[in-house]
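Reader: I've got a model open on my screen and I'd like to learn how to read it, one feature at a time. Can you walk me through it?

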Amino acid sequence: MNHTFRRFATGISLLFLLLAIFLLATVPAAAQEPVSDDEVNEIARNLYCPTCENTPLDACPTQACQDWRDEIRVQLSEGRTRQEIEQYFVERHGARVLAQPRFEGFDMLVWILPILAVVVGGFIFWRYLRDLRAPGSEADERLGDDTAMMAQGSAQKPPPAPDEDDYISRIEKEVREE
Amino acid sequence: MIADLGYAAVLFAFAAVIYAAIASVYGARKDDWRWVESARNAVAITFPLILLACGLIIYLLLTNDFSVLYVTRVTSTEMPAYLKVTALWGGQAGSLLFWNLLLAAFTTAAMLRKWSDQRPLMPYVILIGSITQIFFLGLVAFVENPFAPSLVIPPEGQGLNPLLRHPGMIIHPPMLYLGFTGFTVPYTFAMAALITGKLDDGWIRTTRRWTLVAWLFLSLGLILGGRWAYDVLGWGGYWAWDPVENASFIPWLAGTAFLHSVMIQEKRSMFKVWNIILVVLTYLLVIYGTFIVRSGVISSVHSFAQSAVGPLFFGFLSIMTVFSVYWLMRRREQLSSPNELQSFLSRESAFLLNNFVFMGILFATFWGTNYPLISELVTGEKITVGPPFYNKVTGPLFAALLLLMGVAPLTMWYRSSARRIGMAVRWPALVALVTVVGLFALGIRNWAALLGLWIVTFSFILTVLEFWKGIRARMKRGESPWAAFSNLIGRDRRRYGGYWIHLGVLVMAFGIIGSYFYQQETQIRLQRGESATLGAYTMAFNGVRQFPGPDDLLIKEADLNVFKDGRQVAELNPRTELYTRTGQPMTIPGVRSTVSDDFYVIMVNWETVTADAATFRLYVNPLINWVWAGGFIFIIGTLIAAWPDTVEQKVTAASRARRRAATQPA
């Protein structure tokens, strides 16, 4: 029990680590100096105007989006940062302009729930698997080796374990049958 | 007149399925087979009736009969004939009728083919199929009637949405519809098994290939949809996690989980409840997906088919959910199979883990897609859940899935030894590591990309080795390499078709990693004679030509020479098209494709374009063609697994099974 729990805990921490690193993976570099189209797009890419839903600002042909891009350009030339520009649009049009919900308030839920589902689901799944295991297989599991399993004696031997060699011999048998 | 005939056919089909639903249950209750056969005939007549209705709509479209509202909405006199035919699924009402055609085709074909095989299930197969048909035919008959007359007959129609005038769009919707409607077949048989209490593996054996075929079409629809987005939408990508893309991806996830977990039931008679749950879930998600696409509940770039059918879909979805859950609960006891695991390290638990990860991806995608609704309900504020969310949340899960894809085939039923698996993965892990270290030395520093590439290489080697093991065993018996390869696949098409699909997925993953992490882009305004550089490519701009195209088009086409390493490699003509009547713009990219990358240029249509100046958006998409190549391999694998057995194969398989049974100790 202790042993398996430790393994489970390691697995979960690894999962968390993986998720955390992924969340940090895409931190963009801040733009400065003379404003090029690329610098505008860098910010526009993660903004959505309220009328052209689900079309990012950097790929939207409407006049409204054109005005927004001009606004971004002006603000960049004034030396504003990405965060400030995003905040500017959020204050005027709400959080929906952002490509991904911020990690705050109720919207934390959008991030937390999938992770929680995987973690809690993983725990339930593991408990379920554990309960499914046939009596007597604990020892084999710990040793995880079929030579050791034989050494344990064959008192509660489970159904014969088909072997990889078995599989190859099946193919060989098929060839013979042809 | 013709419209009236079409509408009459729809009404008649609607009446037929209502009769079929009643007669099938009555016949089953009274144990009077004549009623059931009558119900069968009623279902069977819906296909020809709907086919007639579709034929009539196509006739109306081809003859520009603008007295019919649908015709005025999706066609115009200048449209070429093939587009007029495909306009059948170019709008809400027509595509619903087309949907009904495919639904009728699937349910009728499965019913007739399995009529004598699965006789006891049939009354309820008819019932469940009919209920689905009643809903969808009802929509066409009473809510979205494609034969409804125009109030004022206009001299000219509005024409098909320009985005839909692309070859990819002509086949992409029918593929998705085939996939969606196809999943009705396993659902009808699973529910019939629940209702009749005949819960042996009959329904699974019966629907196995049907499920695979539905899955094939759904996969094909998703891949073609990606290709269409890349060619037509002009943003340099192929998948945007748009609600409608998700709506077809979510049922695909459930269906894929089922295709894996069903093998546990076939081999070990375990997890019967779970398999039925997955089939039910897939069906409900198909209805949900259709609901998302058609109701416009969640805003999407695909909102060309919106209307007021939302509440009806929602009602139907609720009814079917309650109905399915009720029968699942009622048969819970009978379904409980003696589930038993011998070891954590076994094929069974590998499949279960696979299902767990698929469910995780499904949940995250479903949650993200619906979150804007939930947030609006709770906080009153609508928000956007865009690609960054999905990439971050599902990315690690997809990585886990790819890893499992490599290791799981090494496990054995009942139990496997950790040592043997360790031995088997040792060398592939090392080779993959050396590859990744090499890539690191070449300057690739993104650790997520490196991890992804390690997993892909590792699993790819293991999958190839699975083939190699079988081939080697056969070659030892004196078969030539090619014969060994084809016999290996032919003998166990499901298994090796599956591995072939895995290879396709891994190749796709390679392309996705490359194009996701290493896409380069720039936007620049050029005067005639100027040039721009991105990555290894330099592009010289030689001006813009403007000319009218067919079908009220105004085309502006740029003339570009593309150089790589000082050598001219391509001449590209990206263009913008303006449908002058509707004012709808289109952007067609110029693309130079190679194995290593695509150089992809679009003319930015919101900046002024003159003969001498234009703004361009340049992309270098590394490895993107591997995505399409992987998709191709994937489809080939699915065909290998799903292709019908020839009679000869069936006979040999049967005789082999008999021999095996005879030699096996009791």
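Author: Sure, let's start with a small detail: the side chain of S343(B) has a polar atom 2.8 Å from the backbone nitrogen of L345(B). Keep in mind that this is a predicted model.

Reader: Where is S343(B) found?

Author: In chain B, S343(B) belongs to the loop between α13 (332–335) and α14 (347–379).

Reader: And is S343(B) buried or exposed?

Author: The cut-off for buried is under 20% relative accessible area. S343(B) has 4% relative accessibility, so it counts as buried.

Reader: Let's do helices. How do I describe two that pack together?

Author: Two packed helices are described by the angle between their axes and the distance between those axes. Try helix α1 (residues 2–30) and helix α6 (residues 122–143) of chain B: their axes come within 8 Å and cross at roughly 155°. Because of that angle, α1(B) is roughly antiparallel to α6(B).

Reader: Which residues of the two helices make the contact?

Author: On the α1(B) side, they include Y7(B), L11(B), F14(B), I18(B), A21(B) and V25(B). From α6(B), the contact residues include Y124(B), L127(B), I134(B), L137(B) and A141(B).

Reader: Why do residues three or four places apart point the same way in a helix?

Author: Because an α-helix has 3.6 residues a turn. One more thing about this pair: the crossing of α1(B) and α6(B) is left-handed.

Reader: What about the loop after α1? I was looking at D31(B), between α1 and α2 (33–62) of chain B.

Author: Look at its backbone angle. Most residues other than glycine have a negative phi. D31(B) isn't a glycine, yet its phi is positive, near 55°. D31(B) is also exposed, with a relative accessible area of 67%.

Reader: Which other aspartate should I look at for a positive phi?

Author: Go to D565(B), with a positive phi of about 50° although it is not a glycine. D565(B) sits in the loop between β4 and β5 (567–572) of chain B, and it is exposed at 69% relative accessible area.

Reader: Since we're by the strands, how do I read their pairing?

Author: Check the direction and count the bridges. Strand β2 (residues 531–534) and strand β3 (residues 537–549) of chain B pair in the antiparallel sense over four bridges. Within that pairing, Y537(B) of β3(B) stands opposite L534(B).

Reader: How many residues lie between β2(B) and β3(B)?

Author: Two, and the strands form a hairpin around them. G535(B), in the turn, has a positive phi of about 60°. On to strand β4 (residues 553–564) of chain B: eleven bridges join it to β3(B), and the two run antiparallel. For one of the bridge partners, match M539(B) with V562(B) in β4(B).

Reader: What does chain A have in the way of helices and strands?

Author: Chain A has eight helices and zero strands. Of its 178 residues, 37% count as buried.

Reader: Why is helix α2 (residues 37–44) of chain A described as largely enclosed by the rest of the structure?

Author: Because six of its eight residues are buried. The buried residues of α2(A) are D37(A), E39(A), V40(A), N41(A), I43(A) and A44(A).

Reader: What covers those buried residues of α2(A)?

Author: Both chains take part: the cover includes α3 (63–77) and α4 (82–93) of chain A, together with β1 (520–527) and β10 (613–622) of chain B.

How values were computed
Residues numbered from 1 in each chain as written. Chains lettered and ligands numbered in written order. Predicted model: local features only at pLDDT ≥ 70, side-chain atom pairs only at ≥ 80, totals over all residues. Heavy atoms only, no water. Pairing = 2+ DSSP bridges. Buried < 20%, exposed > 50% of the residue type's maximum accessible area, 1.4 Å probe, protein only. Polar contact = N/O pair within 3.5 Å; in protein donor to acceptor, adjacent residues only side chain to side chain. Axes fitted to C-alpha atoms, helices over the stretch in contact; angles between N-to-C directions. Parallel < 35°, antiparallel > 145°, perpendicular 65-115°, else oblique. Left-handed = near helix turned anticlockwise from the far one by under 90°. Contact = heavy atoms within 4.5 Å.
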